[in-house]
Amino acid sequence: MKKVVTNPYLPNFEYIPDGEPHVFNGRLYVYGSHDKFGGSNFCLNDYVTWSAPVEDLSDWRYEGVIWRKKDDPTTNGKRVYYAPDVCQGPDGNFYIYYCPVQGITSGSWIIHCAKADNPAGPFKYHGNVNLRQWRKTYLPFDPAVFVEDGHVYLYYGSAMFYPQLDVRAKSIKGGAVVELDPKDMLTVIKGPVLTVPTIKNDKNKEYGIHAFFEASSMRKFKDKYYFVYSSQAGHELCYCIGDSPMGPFKKGGTLISNGDIGLRDCKDPKSACDFTGNTHGGMVEVNGRYYVFAHRQTNKCQFSRQGFAEETFIEEDGSIKQVERTSQGLYGKPLPGQGEYFASINCGLRAKKGNRFYGVFKFGHGKDPYLTQEGKDQDPATNPQQTQYVKNFNDGCSITYKYFDLRETKSFGIQVNGSAQGKLIMKYGEKEAVQEINMKKENKVIEFPIENGGEKDMVVFRYEGKGALNLTKLILK
């Protein structure tokens, strides 16, 4: 990387969840939903995309709005657009598939398509994929698309059930894949075929396959087809492997959890390294290295989500070990021990009484620390200020950063404001330092001397005392 890149990998005012990474014309593009900061529903903003050259994943460029809700003539701009995916068709054009929803519990869900001659659009309405006759068993939701040798495959599905659409829990089978006619990219010519079932059974357990929830994604690596999806646990992206794009799929496991559940001492949402919530993403190969893209929650709910990315590794047998969340992300090595960072690059945040799964409502988290920002939802083209911070860091809370190279670092400061009386404890590697705090509505940098720092140190701050702090920056010297 030519410069330092952290998680989240985009500017911290940007809220793009459900990230699907694709390499087109020498650049890595990320397509996803577009949440609104402070929003009251999922995906309230129009689709945008960012891209970076494959030789430097620290150099992200805002490509602008690629598809507006008002541009779909069938929805009158009144629906929200859930997670999309993009492919380059056999004809060389680019196609975005998406699911416009009128409301969380209302509306008929159909997969729509728009077309462009450029991966950054602008896209124009192309048509709909007719999946109505199978919607009682495979709900048209969260489309993903994969193209190979002139064949076009569309993946979709959800384990949710909606009686008002005559979709009931017992009728849902799981995720599905259909083959589309490459001439129009809309007509189903084969399928649907089950990808991963919603139910748990002994056969799936034997193969390590987790029950399907949503968030289908498909990639091909080393002559194997990797189907990625969100499991019914909610917080994790899982995978399974097939010998063809339509399966059958088996031999899977967890790729990543947004609470690191399944790693070390994290066994459930309450003991998770971070507050958990839904997740969606995909994998990509860039210059022989593999990355998984997912998202985290902010603002005490699931309506302001941000993308993060981690390098992952495919073993000789094709399996992938679960990867941990880090602050370094795409940088690929511990962050330099000099300079300034936003406190919001944390990869873990814990409350005194443990963490919980964020739902669609904000209540129940009044005393918890959380990520938020100053001001309203921002347009990166007109207001590129980065204002995100950690709020309400109170007694018993801890925050984690992975990893820093502290071998040449003399001091590690954390910029805070608020009213608090107690002590702030910093742990780095196996060492620990303590600073007393007594402040009233102040801005202050609390500095900790670093002695014999390590090449790859995890840094954890914990507060014990009265009041609460807001954490804004990390200052390393």
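This report looks at the cysteines, one enclosed strand and the cavities of a predicted model.

## Cysteines without partners

Let us start with sulfur. A disulfide is a covalent bond between the sulfur atoms of two cysteines. How many disulfides does the count come to? The count is zero.

Two cysteines help to show the reason. For Cys 99, the closest cysteine sulfur belongs to Cys 43, and it lies 9.8 Å away, which is too far for a bond. A pair counts as a disulfide when the two sulfur atoms are within 2.5 Å, so the distance of 9.8 Å rules this pair out. Cys 273 tells a similar story: its sulfur is 5.4 Å from the one in Cys 266, the closest cysteine sulfur, and that is also too far for a bond.

Are these two cysteines buried or exposed? Cys 99 is buried, with a relative accessible area of 0%. Cys 273 is buried as well, at 12%. Residues count as buried when this value is under 20%.

## A strand enclosed by the rest

Next, find strand β26, which covers residues 388-394. Why is β26 described as largely enclosed by the rest of the structure? The reason is that six of its seven residues are buried.

Which strands pair with β26? One of them is β25 (residues 370-373), which pairs with β26 in the antiparallel sense over four bridges. Here you can find Thr 372 opposite Tyr 389 of β26. Another is β30 (residues 457-476), which runs antiparallel to β26 and is joined to it by three bridges. In this pairing, Val 390 stands opposite Leu 471 of β30.

## Spaces inside

Now for the empty spaces. Rolling a probe the size of a water molecule over the atoms shows where empty space is left. The structure holds four cavities of 30 Å³ or more, and the largest has a volume of about 90 Å³.

Which residues line the largest cavity? Among them are Asp 274, Phe 275, Arg 325, Leu 349, Tyr 358 and Pro 369. The lining also includes Arg 296, Gln 297 and Thr 298, as well as Tyr 370 and Leu 371.

Strand β25, met above as a partner of β26, returns here: β25 and β20 (289-298) each supply at least two residues of this lining. The strand that gives the most is β20, with three residues. Sorted by class, the lining has six nonpolar, two polar and three charged residues.

Methods: Residues are numbered from 1 along each chain as its sequence is written. This is a predicted model: local features need pLDDT of at least 70, side-chain atom pairs count only at pLDDT 80 or more; totals for chains, interfaces and linings use all residues. Side-chain values use heavy atoms; hydrogens and water are left out. Buried means under 20% relative accessible area, exposed over 50%, partly exposed in between (1.4 Å probe, protein chains only). Two strands pair if DSSP finds at least two bridges between them. On a 1 Å grid over the protein atoms alone, a cavity is a set of points where a 1.4 Å probe fits but cannot get out, and a pocket is an open set with protein on both sides within 12 Å along at least five of seven lines; lining residues have an atom within 4 Å of a point. Grid points are joined across faces, edges and corners, and a volume is the space filled by probe spheres set on the points. Ala, Val, Leu, Ile, Met, Phe, Trp, Tyr, Cys and Pro count as nonpolar, Asp, Glu, Lys and Arg as charged, and the others, Gly among them, as polar.
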